[in-house]
Amino acid sequence: MTKNEIIEWLKQKLNPGLYKHSLGTMDTALKLAEIHGYDQYKSMLAGLLHDRAKALPHNELIAFAREYEIPLDDIKLTQPGLLHAPVGALLVKQELGIDDEEVLQAIRIHNTGSKGMSTLDKILYLADSSEPNRAYPDVERIRELSVNGDLNNAVLEAIEIKVCYVLKKRSLLHPMTVEARNYILKEITN
């Protein structure tokens, strides 16, 4: 499928707000890929398709995870919205035939991060966090670091902002986010 065909397909799958966010994430991912010398096509796909399953009801996300043996833990069962990332990766593969594992992995972990994040993982994490429709305290800091600094410092900032937000809400913090933060911090300090 061409980019325009994928955009039209996605428009039928998402509500208007998620669709707008997905276009903004795609544009931001393309910009970051250009700045940081990464593959434009993979960045476009990951940015555009990352929230394919975001609007699915929680019971469907859990059912899909069980059916396709996506690992479930207590936190994902308590906060099923976290499952939209791994479920989305599977849906993108099934529905569009996208089998590029790097793209699928970026989609799979875009909301939690993980240890060993690839360049595409970092680009998508940042694009999702800082696309132009995002408006929250410190988003400008992430935008600035994403385009003027290195990816690791930008990702660390984005993760730490997210962790502070989750802690203030007194929500559960997923261990993958902690692992991602520690991994990035070690990359920066080594």
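**View 1. A89, a buried residue of helix α6.** With a relative accessibility of 2%, A89 counts as buried, since buried here means under 20% relative accessible area. The model shown in this and every other view is a predicted one. A89 sits in helix α6, which covers residues 84-96. Setting aside neighbours within four places in sequence, A89 has contacts with L104, I107 and R108. For a sense of scale, take I188: A89 and I188 lie 99 residues apart in sequence, and their C-alpha atoms are 29 Å apart in space.

**View 2. Helix α6 and its surroundings.** Let us step back from A89 to the helix that holds it. The 13 residues of α6 should span 18 Å at 1.5 Å a residue, and the 17 Å between its end C-alpha atoms agrees with that. The buried residues of α6 are H84, A85, P86, V87, G88, A89, L91, V92 and L96. They pack against four helices: α1 (3-13), α3, α4 (58-67) and α7. Just after α6 comes G97, and the phi of G97 is positive, near 70°.

**View 3. T112, in the loop between α7 and α8.** Here we move on to a loop residue, T112, found between α7 and α8. Is T112 buried or exposed? Its relative accessible area is 3%, so T112 is buried. Not counting residues up to four places away in sequence, T112 touches L82, Y125, H174, M176, T177 and A180. One of these partners, Y125, is also among the buried residues of α8, the helix in the next view.

**View 4. Helix α8, mostly covered.** Of the 12 residues in α8, 11 are buried. The buried ones are L120, D121, K122, I123, L124, Y125, L126, A127, D128, S129 and S130. Which helices do they pack against? The partners are α2, α3, α7 (101-109), α9 (139-148), α10 (151-168) and α11 (175-189). The length of α8 can be checked too: at 1.5 Å a residue its 12 residues should span 16 Å, and its end C-alpha atoms are indeed 16 Å apart.

**View 5. Where α2 meets α8.** Helix α2 (residues 16-35) and helix α8 (residues 119-130) have axes that come within 8 Å and cross at roughly 130°. The two helices are therefore oblique to each other, and their crossing is right-handed. On the α2 side, the contact is made by H21, T25, T28, A29, L32 and A33. On the α8 side, it is made by I123, L124, L126, A127, D128 and S130. Sorted by type, the residues of this contact are 7 nonpolar, 4 polar and 1 charged. A look along α2 may help with the spacing of its contact residues. An α-helix has 3.6 residues a turn, so residues three or four places apart point the same way.

**View 6. Where α3 meets α8.** Helix α3 (residues 40-49) packs with α8 at an angle of about 45°, and their axes are 10 Å apart. That makes α3 oblique to α8. The crossing of this pair is right-handed. From α3, the residues K42, S43, A46 and G47 meet L120, I123 and L124 of α8. What is the make-up of this contact of α3 with α8? The residues divide into 4 nonpolar, 2 polar and 1 charged. Readers coming from View 5 will recognise I123 and L124, which also take part in the contact of α8 with α2.

Methods:
Residues numbered from 1 in each chain as written. Predicted model: local features only at pLDDT ≥ 70, side-chain atom pairs only at ≥ 80, totals over all residues. Heavy atoms only, no water. Axes fitted to C-alpha atoms, helices over the stretch in contact; angles between N-to-C directions. Parallel < 35°, antiparallel > 145°, perpendicular 65-115°, else oblique. Left-handed = near helix turned anticlockwise from the far one by under 90°. Contact = heavy atoms within 4.5 Å. Nonpolar A, V, L, I, M, F, W, Y, C, P; charged D, E, K, R; others polar. Expected span 1.5 Å × (residues − 1). Buried < 20%, exposed > 50% of the residue type's maximum accessible area, 1.4 Å probe, protein only.
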